[in-house]
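Please read the following account with the model open, so that each residue can be located as it is mentioned.

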Amino acid sequence: MKIGILTSGGDCPGLNAVIRGAVLKGIAVHGQEFVGFRDGWRGVVEGDIIDIPRTMVRGIAKQGGTILGTSRTNPFENGGGPEAIKAHMDRLGIDAIIAIGGEGTLAAAKRLTDAGLKIVGVPKTVDNDLDATDYTFGFDTAVQIATEAIDRLRTTGESHHRCMIAEVMGRHVGWIALHAGMAAGAHAILIPEQKVSIEQITEWVNEAHARGRAPLVVVAEGFVPEHMESPHSERGLDTFGRPRLGGIADQLAPELEARTGIETRATILGHIQRGGVPSAFDRVLATRLGMAAIDSVVEGYWGTMVALKGTDIQHVAFEEALGQLKTVPQNRYDEAAVLFG
């Protein structure tokens, strides 16, 4: 059997470990052959592939990014669609596809599977927002990177007696902000799941300042203050029609400075959270998911993705994963909020 692998959407630490896990198990256990589609769905739509021999995946689990490249190509545009993709697969002798990606990638994979293509998925997102899996690889590394950066902001904030605002990724969920904020000892954590007034944020900042602390606020890029209707977005839409988020920290900083009289600085961590080497946890999880994806292919579990449930890897339908976002529950936020101010 010849299997094509693609990595699509935003890159994140652990992608190469998935590729390695799948290729090593596929070759060692099943004698399978592997090719990689260059730059995600673009390679699928254009039939642009490279061979992936065992030697190519040697030692790549510790590397960040993806050896196959990625893009935010929509496989139903620019000459794509199930018929065109099926024609490329037949021409190249590819029997099945392993699609590694987040919500947009897996949604596209579901549509193509519904049209008759043989695809299994591996969930990938630093945001940890995919339902039906307890954790996604890349999240642990992103939290560690964000925590280290916020620790550094705290020291400069204390030196200058400033209020520091750190904006982290997460899109419409607050998992990175919650975990990194708790780890760094933030005085306020602002996430999309919780509408908070500017007055409440001001109160938390003033309380921390009154105790002689340099206030530290961690905000998720998708946070919506009580006076706003939707997340701050000034960079248009991506190829899947979703708003590109970012910049809410820059909106909050001058407002908080005006209300508190405390010099306030905003830092947007951005893509630094997606780069660099994966953590040990993400390397192990990604390797296990890659190996489990081979089981999905062998068993013919088309239209499913592999998922972490507790400590076990399971196979779940795309519908289960894409039905709703995995948001931060109220009890987790209440737990963190005890430490605010």
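The paragraphs below treat two helix pairs and two individual residues. The coordinates come from a predicted model, and the description should be read accordingly.

Two packed helices are described by the angle between their axes and the distance between the axes. The pair to examine at the outset is helix 1, residues 15-30, with helix 9, residues 280-299. Their axes lie 7 Å apart and make an angle of about 45 degrees. Angles that are neither under 35 degrees, nor over 145, nor from 65 to 115 count as oblique, and helix 1 and helix 9 are therefore oblique to each other. The crossing of helix 1 over helix 9 is right-handed. On the side of helix 1, the contact involves A17, V18, R20, G21, A22, K25, G26 and H30. These residues meet R283, A286, T287, G290, M291, I294, D295 and V298 of helix 9. Sorted by class, the residues of this contact comprise 7 nonpolar, 5 polar and 4 charged.

A further pair is formed by helix 7, residues 198-210, and helix 8, residues 248-260. Here the axes are 10 Å apart, and the packing angle is about 65 degrees. Helix 7 and helix 8 also cross in a right-handed sense. Helix 7 contributes I198, E199, I201, T202, V205 and N206 to the contact, while helix 8 contributes L252, E255, L256, R259 and T260. The contact of helix 7 with helix 8 contains 5 nonpolar, 3 polar and 3 charged residues.

Attention now turns to single positions. G101 belongs to strand 4, which covers residues 96-101. Its relative accessibility is 0%, and because buried means under 20%, G101 counts as buried. Apart from neighbours within four places in sequence, G101 contacts S8, L106, V122, P123, K124 and L130. L6 is 95 residues away from G101 along the chain, yet the C-alpha atoms of G101 and L6 are separated by 8.4 Å.

E103 lies in helix 4, residues 103-114. Is E103 buried or exposed? The relative accessible area of E103 is 32%, so this residue is partly exposed, a class that falls between the limits of 20% and 50%. When neighbours within four places in sequence are set aside, E103 is in contact with L130, R242, L322 and L325. L130 thus appears among the contacts of G101 and among those of E103. In the UniProt record, an unreviewed entry, E103 is listed under "binding site"; such annotations may be inferred rather than shown by experiment.

Key:
Residues are numbered from 1 along each chain as its sequence is written. This is a predicted model: local features need pLDDT of at least 70, side-chain atom pairs count only at pLDDT 80 or more; totals for chains, interfaces and linings use all residues. Side-chain values use heavy atoms; hydrogens and water are left out. Axes are lines fitted to C-alpha atoms, for helices over the stretch in contact, and angles run from 0 to 180 degrees between N-to-C directions. Helices (H or I, at least four residues) and strands (E, at least two) are DSSP runs, numbered from the N terminus. A crossing is left-handed if the near helix is turned anticlockwise from the far one by less than a right angle, and right-handed if clockwise. Contact means heavy atoms within 4.5 Å. Ala, Val, Leu, Ile, Met, Phe, Trp, Tyr, Cys and Pro count as nonpolar, Asp, Glu, Lys and Arg as charged, and the others, Gly among them, as polar. Buried means under 20% relative accessible area, exposed over 50%, partly exposed in between (1.4 Å probe, protein chains only).
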